[in-house]
Structures are given as structure tokens and as C-alpha cells.
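The following note sets out several points on the model shown below. They proceed from the overall fold to individual residues.

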Amino acid sequence: MQYREDKKSGISLSALGLGCMRFPRDKAETERLILTAIEGGVNFFDTAYAYPNSEATLGEILAKHNKRKDVYIATKLPYILCKSAEDFDKFFNEQLRRLQTDYIDYYFIHSLSDFSGWDTLCKMGIKQWIEEKRKTGKIKQIGFSHHGTCDDFLKILDAYDWGFCMIQYNYYDENYQAGKKGLLAAAEKDVPVIVMEPLLGGRLATGLPKQAVDIFNKADANRTPADWALRWLWNQSEVTVVLSGMSSNQIMARNLHSMDNFKPLSSDELAVYSDVVNIFKKSYKVNCTGCNYCLPCPKGINIPACFSAYNSSYAQGFLTGLQQYMTSTTALTSKTPASTRLCNQCGKCEKLCPQYLPIRKDLKKVSRRFESPPLRLLWAIGRRVIMR
């Protein structure tokens, strides 16, 4: 494992961190995953109040194996749920209980994506609350995660003496949201940058068009697309920690191997990425990362799965995408499939989307591609055959 210095605190953080939003359903498997990460040198674990059962699971396993002091826990204040200053303590104390600890190493303001949000928090007394928690040692470092524009990111970055920040960043999203400009601005202030979505919700690992994969293989057949994506980030000294939601020990082992064997990219290797991006842009139609923040949909639509199928139909062929869509909507196995045509344009999903996607508009595109009258007739016939 390679480590990078948090210049604000002097702490050495593992360049690979464990994103804890999508733990395996099996607790024993999750336990093995966490212990394997620690044994492999991972010391940065990122969770959040809003991640279902994540904080409690992480806290339970660390306490069971007496590993709390071996790791740095990062979790997040759900500031959009805070209506008054009293709510800061309400959520924070619950997080301490879940995590079975009396302090948080890296505490985020979750998805602080526009400056008005910070202004609102300041009026509620967030600065005084932070300072009190830091004086008592209950919060070691304070930071924010960001899903907004670069301009808002820079304003928030300049508004407070932050201990760290988190941005979405990968070779496809180099200039998206905070992007490269935000990364460099934070590094200039010695603010550690934690990177989320290094694989764009897995799309840069398993969702690349075959032509893009062939380009990577031609450059180095021994490296996976995920390896290429992680190496692009580690090649930048301004990146402190790259978070990966490693949901299996197989993925964990592969990413640990990538980190352990990382070497700076050559100029020829760097040139490969632009060719891959150009191909990927032609096939990737909806920039959904599969975070699931938009769910549950009142109509039962699995929005991320439908978008994944839509993208796959361009990247990997129409039939592949259609099969995924039929599975995600239960088109063949249910009398009432959760079709994208059920969308009633309520807009609830768009208010929750950290990517600010025009979800209602994009769902219509999905419907046009997969829900033509001939295809719906085919599904009706298929259902009759399966349900006999």
C-alpha cells in the first residue's frame, strides 16, 4: 500500500480507501471485506448517515476485532435534514452510537453542493458547532463533499478553513462538477482531496464499449479497465485518497494489487485515455452513476437500472441493453412491470439526484428506445408463456 500525506494534519492516508455505501448483503462477507482491507493497508473508511445500515455495520465489525484505532473513519452530516442547530448534535450523536466510537476522524458536510447551503448552515451556527466539537476532540477534521458546479465548489472552498474535501473525479469526468480545476485549487490550499466515483459507478470497469476495452488491452493486456481508471487518479499527486466501493474480496484483491504495483504513467499510456474517452462518449448517453439517491420512485421504477440498460444498449449492443431493461423492470415476470412509462413527472427523483440529471426527460428517452408497440407486444407474449 502507498500512503499520501494529509498536509492539514500530517496523517498518512492510504491512497486506496474503502467506500462503504454498498456493503455485501451477507454480514460475514462484509466482515471479511473490512478485515482484508485493513490487512492490505487500507486505513480510510468512508460511510454516511444516509447509507442504509453502513455506519452500524462498520462500527460493529471494527469493535468486534478491536480495529477502531487502526483506521480513520469518515462519515457525513446529512445537512439537508437539519432544520435547527439542535439537529447537528442529534445526528452526530446517533452516528457515534452506530459507529461505536467517541470521535470521528473525518467528518463531512454531506453533498454541500451550492454556496447557499453553506450560508444557511452558517446562519444555523455550524461554525460554532464545529469548533466546539474540534476542541473536545470529537471531530478531528472537518470537510465537505460536493456534487455541484466548479464555481460553487471554489466559493465553498474559500469560505472556511477546511480540513479536506471530496469530489467526483475520473478520466471521463475530468472537467465535470469541481473537476480538475477544483482539484488543483484545493491542492494549492493544502486541502486533501478524497475522490469518489473513480469508476463512474462501475461503468469504467465493466461498462466500456468493446472497442474501448480493446484499446486498453492493446496498450497493456495485463491491466483491467478498472486498473487503468485507478492508475489515472493515482498518477496525480493532488489526489490524496481514491475511494472504491469494493463489494467483494475479489474486487478488493484486484484493487490492492493495482495499488501495490502502481507506477507513474508514461506519456504513451496517458495518450491512451483520450482515445477511450472519445469512444465512450459516443455510447454513454446518461451520466448516471448508480448511487440510488433517486430511489425509491413512487411508481416503483428502478431508475438507475433503467439508465444502465439504456447506456448498455449503445455501448454493448441493443439486445444486451434490452435484456437488462426487461430484467430491471420485471417486464417478463410481472403482471405490472415497473416500466419507465409509469413516470408521472412528479420530479421527486430530480430533487435528490446529486448529478442534477434531467431524469424525467431521460426516462422518456429510455421509453422511446425500449417501449415501442412491437416490443410491448413481444413482452406480453413472453409473459403469457412464462406465467403458464
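1. What radius of gyration would a compact globule with 388 residues have, and what value does the protein have? The model is a predicted one. For a compact globule of 388 residues, a radius of gyration near 21 Å would be expected; the protein has 22 Å, and the two therefore agree. Taken along the principal axes, the box filled by the C-alpha atoms is roughly 65 × 50 × 45 Å.

2. On composition and burial, the protein contains 17 helices and 10 strands. Of its 388 residues, 55% are buried. When contacts between residues at least 6 apart in sequence are considered, 75% of them join residues at least 24 apart.

3. The nonpolar interior deserves separate mention. The largest nonpolar core has 83 residues, and within this core Leu18, Phe45 and Tyr171 touch the most other members. Helix H10 gives the most to this core, contributing 7 residues. Another core, of 21 residues, lies apart from it; Val286, Cys297, Met326 and Cys353 are among its residues.

4. Phe45 may be examined for its individual contacts. Residues up to four places away in sequence being left out, Phe45 touches Leu18, Cys20, Ile34, Ala37, Ile38, Leu58, Val71, Tyr72, Ile73 and Ala74. Leu18 thus appears in the contact list of Phe45, and Leu18 is also named with Phe45 among the residues that touch the most other members of the largest core.

5. The packing of H10 (residues 225-234) against H12 is the next point. The axes of these two helices come within 11 Å and cross at roughly 115°, and the crossing is left-handed. H10 makes the contact through Trp228, Arg231 and Trp232, and H12 through Glu269, Val272 and Tyr273. By class, the contact residues comprise 4 nonpolar, no polar and 2 charged.

6. Ile301 lies in the loop between helix H12 (267-283) and helix H13 (303-315). Is Ile301 buried or exposed? Its relative accessibility is 2%, so Ile301 counts as buried. Beyond residues up to four places away in sequence, the contacts of Ile301 are Leu295, Cys306, Ala338, Ser339, Thr340, Leu342 and Cys343. Ile301 and Thr329 are 28 residues apart in sequence, with a C-alpha to C-alpha separation of 7.2 Å.

7. Gln141 is placed in strand S7 (residues 139-146). Gln141 has a relative accessible area of 11% and is therefore buried, the cut-off being under 20%. Which residues does Gln141 touch, not counting residues up to four places away in sequence? They are Asp6, Lys8, Ser9, Asp105, Tyr106, Tyr107, Gly163 and Phe164. Ser308 is 167 residues from Gln141 along the chain, and their C-alpha atoms are separated by 36 Å.

8. Lys133 belongs to helix H5 (residues 126-135). Although Lys is classed as charged, Lys133 counts as buried because its relative accessibility is 4%. Leaving aside neighbours within four places in sequence, Lys133 is in contact with Asp89, Phe92, Lys138 and Ile139. Among these partners, Asp89 and Lys138 are of the charged class, and Phe92 and Ile139 are of the nonpolar class.

Methods. Residues numbered from 1 in each chain as written. Predicted model: local features only at pLDDT ≥ 70, side-chain atom pairs only at ≥ 80, totals over all residues. Heavy atoms only, no water. Helix = DSSP H or I, 4+ residues; strand = E, 2+ residues; numbered from the N terminus. Buried < 20%, exposed > 50% of the residue type's maximum accessible area, 1.4 Å probe, protein only. Contact = heavy atoms within 4.5 Å. Axes fitted to C-alpha atoms, helices over the stretch in contact; angles between N-to-C directions. Left-handed = near helix turned anticlockwise from the far one by under 90°. Core = buried A, V, L, I, M, F, W, Y, C linked by side-chain atoms within 4.5 Å. Rg over C-alpha atoms; globule rule 2.2 N^0.38 Å.
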